[in-house]
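Biologist: I should like to request a close look at a single part of this protein, set in the context of what surrounds it. Please explain each step in terms that a first-year student can follow.

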Amino acid sequence: MRLFSAVPFTLFSLLIYNALAFTAGAADAGFWAQPIITISMVSGATFQLLISDVLITVGLFFLFIEILKATRIGTTALLDHMFSVLVFVAYLVEFLVLQQAATSLFFILMAISLIDVIAGFSISITGARRDVSFGHGDMH
């Protein structure tokens with residue numbers, strides 16, 4: 001169970017993207033621009049929520065969960081940070097090598113993964129620094 005809690009949620013965005021991108025329906029670039037919901041607004045404008053918008057929103061939700069997880073301390077937190085780096089590397093390799101990953105949507109999801117890596121280490125370092133300063137006291 002401890003190992004599962006160390007799995008970065010940004011991995012799920014990568015898996016969802018890959019599941020959709022490598023199916024026959026998502027082979028053309030227009031797939032990501034298909035509207036899921038179209039709503040006529042009171043202003044007279046038409047609001048469309050696209051498949052790509054939903055996936056970005058899901059990615060941001062997963063980033064929020066990862067930032068909350070970054071406040072943990074211990075072995076699980078260290079594993080989570082290491083796995084987050086591996087997920088980012090997987091994003092980067094796919095972006096550079098696979099045609100299906102050469103989209104702005106994939107780039108944004110990759111940026112979300114990079115923010116997860118940076119935020120995770122930054123939050124952990126800040127927390128560790130605070131623990132050390134409280135542990136020894138301020139001698140000024």
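The request and a connected answer follow.

Biologist: Please take helix α3 as the part to examine. Which residues of α3 are buried, and which residues are linked in a network of salt bridges?

Modeller: The model is a predicted one, and I shall begin with the whole before turning to the part. The protein has five helices and two strands. Read from the N terminus on, its elements follow the order α-α-β-β-α-α-α. Of its 140 residues, 30% count as buried.

Helix α3 covers residues 51-69. It has 19 residues, and from its first C-alpha to its last it reaches 27 Å, close to the 27 Å expected at 1.5 Å a residue. Its buried residues are Ile51, Ser52, Leu55, Gly59, Phe62, Leu63, Ile65, Glu66 and Lys69. When one looks down the axis of α3, these buried residues fall within an arc of 160°, so they line one face of the helix.

Two members of that buried set carry charged side chains that pair with each other: Glu66 and Lys69 meet in a salt bridge, at 3.0 Å from N to O. Because the two are three residues apart in helix α3, about one helical turn separates them. Glu66 has a relative accessible area of 1% and is therefore buried. Lys69, at 11% relative accessibility, also counts as buried, because the limit for that class is under 20%.

Lys69 has a further partner. It forms a salt bridge with Asp80, and here the closest N and O atoms are 3.5 Å apart. This pair links distant parts of the chain, with Lys69 in helix α3 and Asp80 in helix α4, 11 residues apart. Both Lys69 and Asp80 are buried. The count for the model comes to two salt bridges, and Glu66, Lys69 and Asp80 are linked in a network of such bridges.

The other contact of α3 to consider is aromatic. In general, a pair of aromatic rings is described by the distance of the centres and the angle of the planes. The model has 10 aromatic pairs by count. In one of them, Phe9 and Phe62 are tilted, with 5.9 Å from centre to centre and 45° between the planes. Phe9 lies in the loop between α1 and α2, while Phe62 lies in helix α3, so the pair ties together parts that are 53 residues apart in sequence. The two rings differ in their exposure class: Phe9 counts as partly exposed at 25% relative accessibility, whereas Phe62 is buried at 12%.

A second aromatic pair offers a comparison in geometry. Phe31 and Trp32 are edge-to-face, at 5.1 Å centre to centre and with 80° between the planes. Phe31 and Trp32 are both buried. They belong to one aromatic cluster that also contains Tyr17, Tyr91, Phe95, Phe106 and Phe107.

Tyr17 of that cluster leads to helix α2, where Tyr17 is one of the buried residues. Helix α2 runs over residues 10-21; its 12 residues reach 17 Å from first C-alpha to last, close to the 16 Å expected at 1.5 Å a residue. The buried residues there are Thr10, Ser13, Leu14, Tyr17, Asn18 and Ala21. Down the axis of α2 they fall within an arc of 130°, so they line one face of the helix, too.

Helix α4, which holds the Asp80 partner of Lys69, also contributes to the surface. A nonpolar patch there is formed by Phe22, Val85, Val89, Leu92, Val93, Leu96, Val97, Leu98, Phe121 and Ile125, which together have about 840 Å² of accessible area. The elements that give two or more residues to this patch are α4 and α5, and α4 gives the most, with six residues. Ile125 lies in helix α5 and counts as partly exposed, at 46% relative accessibility. Another residue of α4 is Leu86, which counts as exposed at 54% relative accessibility. The C-alpha atoms of Leu86 and Leu11 are separated by 9.4 Å, although the residues stand 75 apart along the chain.

To return to the part requested, α3 has a buried face. Through Lys69, α3 is joined to Asp80 in α4, and through Phe62 it is tied to Phe9 in the loop between α1 and α2.

Notes. Residues numbered from 1 in each chain as written. Predicted model: local features only at pLDDT ≥ 70, side-chain atom pairs only at ≥ 80, totals over all residues. Heavy atoms only, no water. Helix = DSSP H or I, 4+ residues; strand = E, 2+ residues; numbered from the N terminus. Expected span 1.5 Å × (residues − 1). Buried < 20%, exposed > 50% of the residue type's maximum accessible area, 1.4 Å probe, protein only. Arc of directions from axis to C-beta. Phe/Tyr/Trp six-rings, centres within 6.5 Å; stacked < 30°, edge-to-face > 60°. Patch = residues over 30% accessible without salt bridge, like charges linked within 9 Å, V, L, I, M, F, W, Y side chains within 5 Å. Areas by Shrake-Rupley, 256 points an atom, 1.4 Å probe, with all protein chains shown as cover. Salt bridge = Lys/Arg side-chain N within 4 Å of Asp/Glu carboxyl O.
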